[in-house]
Amino acid sequence: MTDTVASLMAEIADVGTDPSRGGYSRPVYSTAELDLRSWFVEHAERRGLDVQTDRNGIIWAWSGGVGEGAVVTGSHLDSVPGGGAYDGPLGVASSLVAFDRLAERGVPGRRAIAVFPEEEGSRFGLACLGSRLLTGAIDPDRARTLTDADGTTFAEATRRAGLDPARLGPDLETLARIATFVELHVEQGLGLVDHDRPVAVASSILGHGRWRIGFTGEGNHAGTTLMSGRRDPMVAAAVLISDVQRLTRRVPDARATVGRLVPTPGGTNVIASHVDVWLDVRHPDDAVTRILVAEIEAAAKAAAAEQDCTVVITEESFSATVDFDPVLRDRLADLLDDAPRLGTGAGHDAGILKDHVSTAMLFVRNPTGVSHAPGEAVEDADAETGAEALADGLEALLGAS
Ligand code: HGY
Ligand code: MN
Ligand code: MN
């Protein structure tokens, strides 16, 4: 095969571009993401890999037979709205090139590339949905009833993707096939720029959670309703969003974001009756996260009371801080010319799998450090270096298996 990571990425550069937001919008099971899934399957089959999609929508491309003891790599193809080109697809493209290197080197051993659905949780609200289903980290009934902004359930979207939603759920037989999982991902920060190195090995993933905060007031006419006596949930939400920044700035290393606000009904000349905001909070110490969220909840209640509104706060997901196995981490770092060990504030399927199988991550330098935005970047040379590093790591693990 003569494919390079850059050439593979160029093949999908026009899939799911978002002219209004910039960047890419590739929600799970959307036309764009389904096109990317087909692109991956075609490349995997061209390489003679045995391609299967499991009941949770995870695509598996096998080499050396389907079975236990496999060394697995891969990532995701779905994106956030207006996301960058590399978050997810870089890992998938690099996996294909790494498999080409292993074939050229004549490396034996059972291995697979996995492509996980809904890693971002951008359509159905829960990150790493595919790996959570695989490992039993989410109740299948809850997964089936998750809905997108149009009211389509994950069950319906799963059905439209050609799968049976009744079969969603823990798949311990598939999980048992993985001896080691190594995910390559674009770095979502400037650590490698600071180190002046192209590749790092992950040390940890910041604990993170998502909360839905719904303010309810009284909808009315913008022109006929005097300011006195309004019960405006948009004002309550605005006060809370400002409080989130104020409260979080007081906590070293904490990050809290409100990136999504949905008013109902959402008219320019209408006082909203309800406003939903979504809160993303992250910190290395899960106990600190909980304390900060409690303070934000109190601020939400105060903001609601101030506007004579009510508020309901719902935890939608929480993932504890992940520390990757230091032995595997250091083994890969040593193998890769003493590559830096870097923590990340971004979640990954590897973080979900880590409690079930031996797991590691590689990061590839991002010269802008930007992610979840069009500015995300990877130099072609670093992309190829990353794929070679992945191949070296997989070869070492296959030799040990
Ligand atoms: O939100 C995250 O950290 C990841 O990109 N899903
Ligand atoms: Mn990602
Ligand atoms: Mn992401």
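**Two manganese ions, a ligand shell and aromatic pairs**

Reader: Which spacing do the donors of the manganese ion (ligand 2) follow along the chain?
Author: Donors here are N, O and S atoms within 2.8 Å of the metal, or 3.2 Å for Na, K and Ca, and water is not among the atoms, so sites may look incomplete. The protein donors of this ion are His-76 (NE2), Asp-87 (OD) and His-185 (NE2), at 2.0 to 2.2 Å. Taken along the chain, the donors of the manganese ion (ligand 2) give the spacing H-x10-D-x97-H.

Reader: What kind of model is this, and which pLDDT do side-chain atom pairs need to count?
Author: Residues are numbered from 1 along each chain as its sequence is written, while chains are lettered from A and ligands numbered from 1 in the order in which they are written. Side-chain values use heavy atoms, with hydrogens and water left out, and because the model is predicted, local features need pLDDT of at least 70, totals for chains, interfaces and linings use all residues, and side-chain atom pairs count only at pLDDT 80 or more.

Reader: Which residue coordinates both the manganese ion (ligand 2) and the manganese ion (ligand 3)?
Author: The manganese ion (ligand 3) has as its donors Asp-87 (OD), Glu-120 (OE), Glu-120 (OE) and His-372 (NE2), at 2.1 to 2.7 Å, with the spacing D-x32-E-x251-H along the chain. The two ions lie 3.5 Å apart, and the residue that bridges them is Asp-87.

Reader: How many residues apart in sequence are the parts that Glu-120 and His-372 link?
Author: The manganese ion (ligand 3) is coordinated by both Glu-120 and His-372. Glu-120 lies in the loop between strand 4 and helix 4, and His-372 in the loop between strand 15 (358-364) and helix 13 (380-400); helices (H or I, at least four residues) and strands (E, at least two) are DSSP runs numbered from the N terminus. The separation of this pair is 252 residues.

Reader: Is His-372 buried, partly exposed or exposed?
Author: Buried means under 20% relative accessible area, exposed over 50% and partly exposed in between, with a 1.4 Å probe and protein chains only. Glu-120, at 7%, is buried, and His-76 is also buried, at 0%. At 38% relative accessibility, His-372 counts as partly exposed.

Reader: Which residues surround ligand 1, and how do they divide by type?
Author: A residue is taken as near a molecule if one of its heavy atoms lies within 4 Å of it, and the shell comprises Glu-119, Glu-120, Arg-282, Ala-346, Gly-347 and His-372. Ala, Val, Leu, Ile, Met, Phe, Trp, Tyr, Cys and Pro count as nonpolar, Asp, Glu, Lys and Arg as charged, and the others, Gly among them, as polar. On that basis the shell divides into one nonpolar, two polar and three charged.

Reader: How much of the accessible area of ligand 1 does the protein cover?
Author: Oxygen atoms of ligand 1 lie 2.7 Å from a side-chain N or O atom of Arg-282 and 2.7 Å from a backbone N or O atom of Gly-347. A polar side-chain atom of His-372 lies 3.0 Å from an oxygen atom of ligand 1. Of the 210 Å² of accessible area that ligand 1 has on its own (Shrake-Rupley method, 1.4 Å probe), the protein covers 95%.

Reader: What arrangement do the rings of Phe-116 and Phe-181 have?
Author: Rings of Phe, Tyr and Trp (its six-membered ring) pair if their centres lie within 6.5 Å, with planes under 30 degrees apart counted as stacked, over 60 as edge-to-face and the rest as tilted. A search of the whole structure finds six aromatic pairs. With centres 5.8 Å apart and planes at 85 degrees, the pair of Phe-116 and Phe-181 is edge-to-face.

Reader: Which residues form one aromatic cluster?
Author: Phe-116 is buried at 0% relative accessibility, and Phe-181 is likewise buried at 0%. The cluster comprises Trp-60, Trp-62, Phe-116 and Phe-181.

Reader: Which side chain makes a polar contact with the side chain of Asp-276?
Author: Asp-276 lies in strand 11 (residues 274-283) and counts as buried at 9% relative accessibility. A polar contact is a pair of N or O atoms within 3.5 Å; within protein, one must be able to donate a hydrogen and the other to accept it, and residues adjacent in sequence count only if both atoms are side-chain atoms. At 3.0 Å, the partner of Asp-276 is the side chain of His-274.
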